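Hello,

Here is the structure I said I would pass on. My notes follow below it.

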Amino acid sequence: MTDFKKAITNGIPNEIPNKRELNPNISHAPKRKDLLTIEEKKLAVKNALRYFPKKMHQQLANEFVKELKEYGRIYMYRFMPNYSLKARHIDDFPYKSKQAAAIQLMLSNNLDHAIAQHPEELITYGGNGSVFQNWAQYLLCMQYLSEMSDEQTLVIYSGHPMGLFPSDKNAPRVVVTNGMMIPNYSKPNDWERFNALGVTQYGQMTAGSYMYIGPQGIVHGTNITLLNAARKIDPNAIDLSGKIFVTAGLGGMSGAQPKAAVIAKGVCIVAEINPKATYKRHQQGWVDEVYKNIDNLLDRALVARNKKEAVSLAYDGNIVDLLERIIEREINIEIGSDQTSLHNPWAGGYYPVDLSFEDANEMMNKNPELFKKKVRETLIRHLNAVNTLTERGMYFFDYGNAFLLECSRAGADVLKESGDFKYPSYVQDIMGPMCFDYGFGPFRWVCASNDPKDLEITDKIACEVLEKLMRNAPDEIKSQMNDNINWIKAASKNNLVVGSQARILYADAQGRVEIAREFNKAISNNIISAPIILGRDHHDVSGTDSPYRETSNIYDGSQFTADMAIQNVIGDSFRGATWVSIHNGGGVGWGEVINGGFGMMIDGSNDSERKLESMLFWDVNNGVSRRSWARNKEANFAIERAMKLNPTLKVTMPNYTEDKIIDNLEF
Ligand SMILES: NC(=O)c1ccc[n+]([C@@H]2O[C@H](COP(=O)([O-])OP(=O)(O)OC[C@H]3O[C@@H](n4cnc5c(N)ncnc54)[C@H](O)[C@@H]3O)[C@@H](O)[C@H]2O)c1
């Protein structure tokens, strides 16, 4: 057995290991709020010691008190493994159940230093998206996965491995719940308190469900959004070519904008106030050119638009300066948005105009009230500029970053007479009606061989399947299919793989099932060398109930319910998922969303074929049916089509009422 395998099967060591220094070259989670009372702190330490034998308690108790003081959490740094955490060939993991090995591969990828945001605090992305709360949970989970059989299920409560329970081979190997709270205890400070106590965690979407694949997912989603935005304003448009997209933000997710716009063949102008973020994206090749001088940048953009050149231009400065200069020069812009971090406006998510980045940071610390005032004033100027540009023809959408909400809180001119926002969100206008309602969403797969050659073969197979389906596809979904054919053809050239050998592709239920079926055949015929792990992120047609994002284009009132997410996970679990997970809070915040996901390993067997057909069909059509019942016409079309394709599906369809009956009612 290799040392790596031995280390995993050993689990939590019997003796206290040597102390580990934190790696100064990687990013670490910020110190968390100190909300616990003294009694609660004692409880947190007592809780943490549950993982260790008595003989270790005195020494560890003192150390955990220090961690709690210094970091606001007990991460148990001393127990970090010495080997590197990353995706490997499935057979490099120790296992009795191959399905459990696939899960080891996926969760190791989430903690890879090349992938994770704060790897030593077990956080994959989004500032607080945790895979586990502490290193003892990681060690114990990996040990259970290495020893479990196909007749057991591992139960994970917010990172804590509750244990292995007898089940059967058709049951999921792992069931994960993250941050499930009694609803009255689901406010942001409740997360701080209960996470510090060590009894819950924020699993984000793909962090605590072991399904993160690096930046590829966000590039593809942004690319699809921009392509469809272009078509929305110009029915003759095939893509973004000859159009300018203006936005802000080159950070974690926002940094995908220039790359996605160039793949969509457009001109992207993006302002970023933090030079470190700008030059990092420039070095990575995600933004083509950087300008300090706005006029030079705008001259370049106009030439590129004329020539229909695909290029991304960063402005090293504030978005408001950029927009106001565009107005002064009377340049018309086709599409606008914003991806500053306005979900976090007072602590560095949004920077005021007329202040340098350094001065703004100093003010944030030394005079937070003045900083807030400056942010509000900037938001008013920002929105005024957006209003002027939209009056001159720009199409503007909110990118799910609370831009419109914070503008309204700042007193900007952002509301219509009805009290609604003047501008739509990207899900209300684009992703909802053009993708999710038809069942298109972020299907993804990972090659368990960890071999790029397998990924190349899967790209080819997926492309062939889509091209075949395209021949008989109804007009309503042809452009979505075409986008994905183009995407998959260019996927390897765009060089988006970081970590596991993974691919993302927007597909509907039929597309997902057909692609997965062909993969399964190729595994069985040894064309693909090892199993494939199927999944999706939660920014999808199904699985996520989030009234201001994924389900923001549901208008029957049910956007504030979470039945769909729960139904999804329960339904996936008995139709063949290898693991399922359900989370509170992913993407938009604790208490604001319930999102569920799955992972499925297929190994070329008949069993895999049966499971993928049954589960993928349900996983997508559950969401489509709910959208259809909410009277979304595109979803009515999609579910009727699904019923024709599979006569055993019988969905309750809504009857439409004439407006005049409702309008004439007296109450
Ligand atoms: N991409 C998506 O599909 C998507 C979906 C939903 C929500 N979002 C939201 O988008 C936001 C951005 O996410 P992120 O991970 O990139 O955050 P981030 O904080 O890493 O990046 C935001 C960037 O904006 C810059 N910035 C702030 N104020 C500025 C200003 N006035 N002018 C120019 N630049 C400014 C910051 O310096 C920072 O680099 C978040 O609120 C996120 O929730 C994105």
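Which residues of H10 are buried? In this predicted model, they are Ile294, Leu297, Leu298, Arg300, Ala301, Ala304 and Arg305. These residues cover an arc of only 160° around the axis, so they sit on the same side of H10. The face turned away from that buried side carries Asn306 and Lys307, which are exposed.

What covers the buried residues of H10? The cover includes four strands, S6 (244–248), S7 (267–272), S8 (289–291) and S9 (311–316), as well as helix H11 (319–328).

As for the helix itself, H10 runs over residues 294–307, 14 residues in all. From first C-alpha to last, H10 reaches 20 Å, close to the 20 Å expected at 1.5 Å a residue. At the N-terminal end, Asn293 acts as a cap: one of its side-chain oxygens lies 2.9 Å from the backbone nitrogen of Asp295. After H10 comes Lys308, with a positive phi near 55°.

The other item is a pocket. The second largest pocket holds about 560 Å³ of space. It is lined by 36 residues, and the closest to its centre are Gln133, Gln137, Gly198, Val199 and Thr200. Helix H2 (38–49), strand S4 (160–166), strand S5 (174–178) and helix H6 (188–197) each give two or more residues to this lining. Which element gives the largest share of the lining of the second largest pocket? That is H6, with 5 residues.

Regards

Conventions: Residues are numbered from 1 along each chain as its sequence is written. This is a predicted model: local features need pLDDT of at least 70, side-chain atom pairs count only at pLDDT 80 or more; totals for chains, interfaces and linings use all residues. Side-chain values use heavy atoms; hydrogens and water are left out. The expected span of a helix is 1.5 Å times one less than its number of residues. Buried means under 20% relative accessible area, exposed over 50%, partly exposed in between (1.4 Å probe, protein chains only). The arc is that of the directions from the helix axis to the C-beta atoms. Contact means heavy atoms within 4.5 Å. A polar contact is a pair of N or O atoms within 3.5 Å; within protein, one must be able to donate a hydrogen and the other to accept it, and residues adjacent in sequence count only if both atoms are side-chain atoms. On a 1 Å grid over the protein atoms alone, a cavity is a set of points where a 1.4 Å probe fits but cannot get out, and a pocket is an open set with protein on both sides within 12 Å along at least five of seven lines; lining residues have an atom within 4 Å of a point. Grid points are joined across faces, edges and corners, and a volume is the space filled by probe spheres set on the points.
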